[in-house]
Amino acid sequence: MQTAKQVRDAAEYEQVFQQYLEICNRSIEQNKGKFPYTEIWGARLKDLKEEIKIHAVVFDDRPKLAYMLRVNKDMKIEIAEKKELPPEDAWPFTYQYLKRVVEHPKEYIENPARLEWGWLGSVFGPTA
């Protein structure tokens, strides 16, 4: 059985991760028409026939939450499913990184290059 602190911590991790995805989505939307993002995302989205799913895990000293993310052809990133355990190929997101992005959203929305997009590499290749 989880303690009250564990439940609070899990809720915090989940909230921060959801806010992080919202910042990613806002950054994509706000910068769609700007160079070089139009070229990078546009070329890859043309090849995207359907939604893509990616495993993700949020951790600090150990894994805290695991998700299956969905990226649709409009480049909207969403949580598709919460997982009990992270698969071995899950992309790791440190809580400290997520918290830094969430605490300074404007910096990351206005400059998408500051966001860590490596987790989309499996979908779009190494330049995403």
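## Tyrosine 13 and its partner

Tyrosine 13 has a relative accessibility of 8% and therefore counts as buried, the cut-off for that class being under 20%. The model described here is predicted.

Seven aromatic pairs are found in the structure. In one of them, the ring centres of tyrosine 13 and tyrosine 95 are 4.6 Å apart and the planes stand at 75°, so the pair is edge-to-face. The two residues come from distant parts of the chain: tyrosine 13 belongs to helix H1 (residues 4-31) and tyrosine 95 to helix H3 (residues 95-103), with their positions 82 residues apart. Tyrosine 95 is also on the buried side of the cut-off, because its relative accessible area is 15%.

## Phenylalanine 17 and the ring cluster

A further edge-to-face pair is made by phenylalanine 17 and phenylalanine 93, with 5.3 Å from centre to centre and 70° between the planes. Phenylalanine 17 is part of helix H1 and phenylalanine 93 is part of strand S4 (residues 91-94), so this pair ties together parts that are 76 residues apart in sequence. Both phenylalanine 17 and phenylalanine 93 are buried.

These two phenylalanines also belong to a cluster linked by ring pairs, which consists of Phe17, Tyr20, Tyr67, Phe93, Tyr97 and Trp119.

## The buried face of helix H3

Helix H3 contributes Tyr95, Tyr97, Leu98, Val101 and Val102 as its buried residues. Viewed down the axis of H3, these residues fall within an arc of 160°, so they line one face of the helix. As background, an α-helix has 3.6 residues a turn, so residues three or four places apart point the same way.

Two of the buried residues of H3 also take part in the ring contacts above. Tyr95 pairs with tyrosine 13, and Tyr97 is a member of the ring cluster.

## A charge over a ring

Tyrosine 108 has a charged group over its ring. The charged end of arginine 114 sits there, at 4.9 Å from the ring centre.

## Salt bridges

The structure holds eight salt bridges. One of them joins glutamate 12 to lysine 99, with 3.1 Å between the closest N and O atoms. This bridge also connects distant parts of the chain, since glutamate 12 is in helix H1 and lysine 99 is in helix H3, 87 residues apart. Helices H1 and H3 are thus linked by this salt bridge as well as by the pair of tyrosine 13 and tyrosine 95. Glutamate 12 is partly exposed because its relative accessible area is 26%, and lysine 99, at 26% relative accessibility, likewise counts as partly exposed.

Glutamate 81 and lysine 83 form another salt bridge, where the closest N and O atoms are 3.6 Å apart. Glutamate 81 has a relative accessible area of 40% and is therefore partly exposed. Lysine 83 is partly exposed too, at 24% relative accessibility. Elsewhere, salt bridges with shared partners join Asp60, Asp61 and Lys64 into one network. Within that network, the side chains of aspartate 61 and lysine 64 meet at 3.6 Å, N to O. Aspartate 61 has a relative accessibility of 65% and so counts as exposed, the class being set at over 50%. Lysine 64, at 28% relative accessibility, counts as partly exposed.

Terms used:
Residues are numbered from 1 along each chain as its sequence is written. This is a predicted model: local features need pLDDT of at least 70, side-chain atom pairs count only at pLDDT 80 or more; totals for chains, interfaces and linings use all residues. Side-chain values use heavy atoms; hydrogens and water are left out. Rings of Phe, Tyr and Trp (its six-membered ring) pair if their centres lie within 6.5 Å; planes under 30 degrees apart count as stacked, over 60 as edge-to-face and the rest as tilted. Helices (H or I, at least four residues) and strands (E, at least two) are DSSP runs, numbered from the N terminus. Buried means under 20% relative accessible area, exposed over 50%, partly exposed in between (1.4 Å probe, protein chains only). A charge sits over a ring if NZ of Lys or CZ of Arg is within 6 Å of the ring centre and within 35 degrees of the ring normal. A salt bridge is a side-chain nitrogen of Lys or Arg within 4 Å of a carboxyl oxygen of Asp or Glu. The arc is that of the directions from the helix axis to the C-beta atoms.
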